[in-house]
Amino acid sequence: MGLSYRLIRIRARVHRPLPRQFHHRFNILYFGRDEFSCKVFQNLYSASDVWQNLIIATQPDQIIGRKRDVLSVCQFLSSSAVVALIVRVIIAPLKRLGEQLSLPVATIPHVRSELKTWMPPLPFYPLPGPPPSNHLLLTASFGRILPFSLLSLFRPTHTLNVHPSALPAYRGPAPIQRAILNGEQDTAVCVIEMKRRGGIDAGDVLGSVPVTIPPGIAYGPLRDSLAQNGGELLVSVLRSILSGTERRIPQSPLTPSTPHAPFITPVDSQPDFARETAEDVVRRHLALSHHKPLTTYLPAATRTVQLHDPSVLPSGAGGTCRPSSLASSQVPPGTLLRVPMLKSEFRSLMPAKSWWDGVRRHWKDAEGCITFTNPPA
């Protein structure tokens with residue numbers, strides 16, 4: 001009886017269920033391009049316990065011409081007629097970071113439609129069989145929608161995205177800018193599963209960290225804060241996947257009041273002085289000036305004017321049209337906007353007083369002031 005009892009105990013130990021674990025660190029294909037994806041990647045790179053191979057995939061170098069023509073490097077090299085247009089080459093910050101770290105960097109095709117047939121390098125393609133359990137695809141501010149042909153090289157649970165918003169709020173390509181524009185006080189950063197069908201940024205959430213939006217913060221500092229939190233969160237999520245302890249929570253359903261984050265367009269940089277307060281205009285500047293300065297129009301929409309470094313002028317600080325620091329009276333009553341630097345179309349950036357001294361008389365009204373107008377329809 002004693003021998004039989006010992007055998008039963010041994011069998012119970014052998015058949016005890018064990019938590020699911022991955023015994024090999026990940027081979028990671030990381031898609032990104034800008035400063036947000038760089039900071040997330042730096043956290044990932046430092047966590048060598050979760051990866052054994054890192055390969056970066058990013059967008060190709062771009063050449064910007066004097067007429068704002070955007071050309072790939074291969075287009076430039078194949079056409080001598082392009083030489084006269086060249087101003088600068090834009091290289092993705094993530095590509096520079098990868099080269100500094102001596103990591104392999106792959107670039108996707110310049111033509112968007114060709115991404116559907118692009119395949120990543122070894123070990124992700126070709127595959128000898130089903131996607132391995134330690135292959136992982138990550139994205140962070142990549143700027144392109146990955147096709148099904150690429151996602152299908154990985155297990156459905158092994159394609160993750162770092163998204164800087166409190167999902168399902170602000171799904172889309174510009175969540176940080178839209179949150180600042182709308183005057184949000186709180187946001188978040190999430191790590192989500194990428195759905196192959198059913199909507200962008202709509203996958204299950206594996207982790208989320210709330211982030212406060214301080215008053216007066218600009219896009220750059222908020223982006224860096226979200227990226228740092230996102231990078232730390234990503235590492236935590238990957239460790240939980242390796243240990244088999246991750247949780248995947250479906251997002252809440254969308255409602256009519258759920259804010260979205262569509263692409264930023266040139267119209268977003270044009271304040272509407274007939275409707276927006278000075279605070280609204282300054283938020284617009286904080287959200288978008290890293291990419292494009294605020295732009296308005298002189299009377300009759302004849303020329304554009306860029307407004308640099310605007311700020312709210314406290315009530316009772318003085319009248320309007322002050323040459324030393326131009327203040328607009330065309331915002332709603334009780335709010336004034338201070339604009340210390342301006343740039344007219346075809347002119348250089350200059351202090352407000354110098355700009356004012358060069359304004360033509362027929363642009364001023366009877367009181368000697370200028371009313372900025374909306375762009376032509």
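The legends below describe close-up views of a predicted model. Local features are given at pLDDT of at least 70 and side-chain atom pairs only at pLDDT 80 or more, whereas totals for chains, interfaces and linings use all residues. Residues are numbered from 1 along each chain as its sequence is written, and side-chain values use heavy atoms, with hydrogens and water left out.

**View 1. The seven-stranded sheet is open and mixed in its pairing.** The strand order is β6-β2-β1-β7-β8-β9-β10. Strands (E, at least two residues) and helices (H or I, at least four) are DSSP runs numbered from the N terminus, and two strands pair if DSSP finds at least two bridges between them. At the edges stand β6 and β10 (205-212), each of which pairs on one side only. From one strand to the next, the twist averages 20 degrees. Within the sheet, β7 and β8 run parallel and are joined by four bridges; Leu 138 stands opposite Leu 160 in β8. Helix α7 (residues 219-243) lies across β1 (26-32), β7, β8, β9 (186-193) and β10, and runs at about 150 degrees to β10. Here contact means heavy atoms within 4.5 Å; axes are lines fitted to C-alpha atoms, for helices over the stretch in contact, and angles run from 0 to 180 degrees between N-to-C directions.

**View 2. The four-stranded sheet is open and antiparallel.** Its order is β11-β12-β16-β17. Because β11 and β17 (350-351) stand at the edges with a single partner strand each, one side of each is left without a neighbour in the sheet. Four bridges pair β11 (residues 294-297) with β12 (residues 304-308), and Thr 296 has Val 305 in β12 as its bridge partner. Strand β12 is also joined by four bridges to β16 (residues 341-344), where His 308 stands opposite Met 341. Met 341 in turn stands opposite Pro 351 in β17, and β16 and β17 pair over two bridges.

**View 3. Helices α2 and α4 are in contact.** The axes of α2 (residues 35-46) and α4 (residues 93-100) come within 8 Å and cross at roughly 30 degrees. The two helices are therefore roughly parallel, a term for angles under 35 degrees. From α2, Glu 35, Ser 37, Cys 38, Phe 41 and Gln 42 meet Pro 93, Leu 94 and Leu 97 of α4.

**View 4. Two cis peptide bonds precede proline residues.** The bond from Tyr 125 to Pro 126 has omega near -5 degrees, and Pro 126 is placed in the loop between β6 (105-107) and β7 (135-140). For the bond from Leu 167 to Pro 168, omega is near 15 degrees; Pro 168 lies in the loop between β8 (159-163) and α6. Most residues other than glycine have a negative phi, and most peptide bonds are trans. Ser 141, in the loop between β7 and α5 (148-151), has a positive phi of about 50 degrees.

**View 5. The second largest pocket holds about 250 Å³ of space.** A pocket is an open set of points on a 1 Å grid over the protein atoms alone, where a 1.4 Å probe fits, with protein on both sides within 12 Å along at least five of seven lines; lining residues have an atom within 4 Å of a point. Grid points are joined across faces, edges and corners, and the volume is the space filled by probe spheres set on them. Of the 15 lining residues, Gly 183, Pro 214, Pro 215, Gly 216 and Arg 283 are the closest to the centre. Helix α8 (278-288) contributes the largest share of the lining, four residues.

Notes: Parallel < 35°, antiparallel > 145°, perpendicular 65-115°, else oblique.
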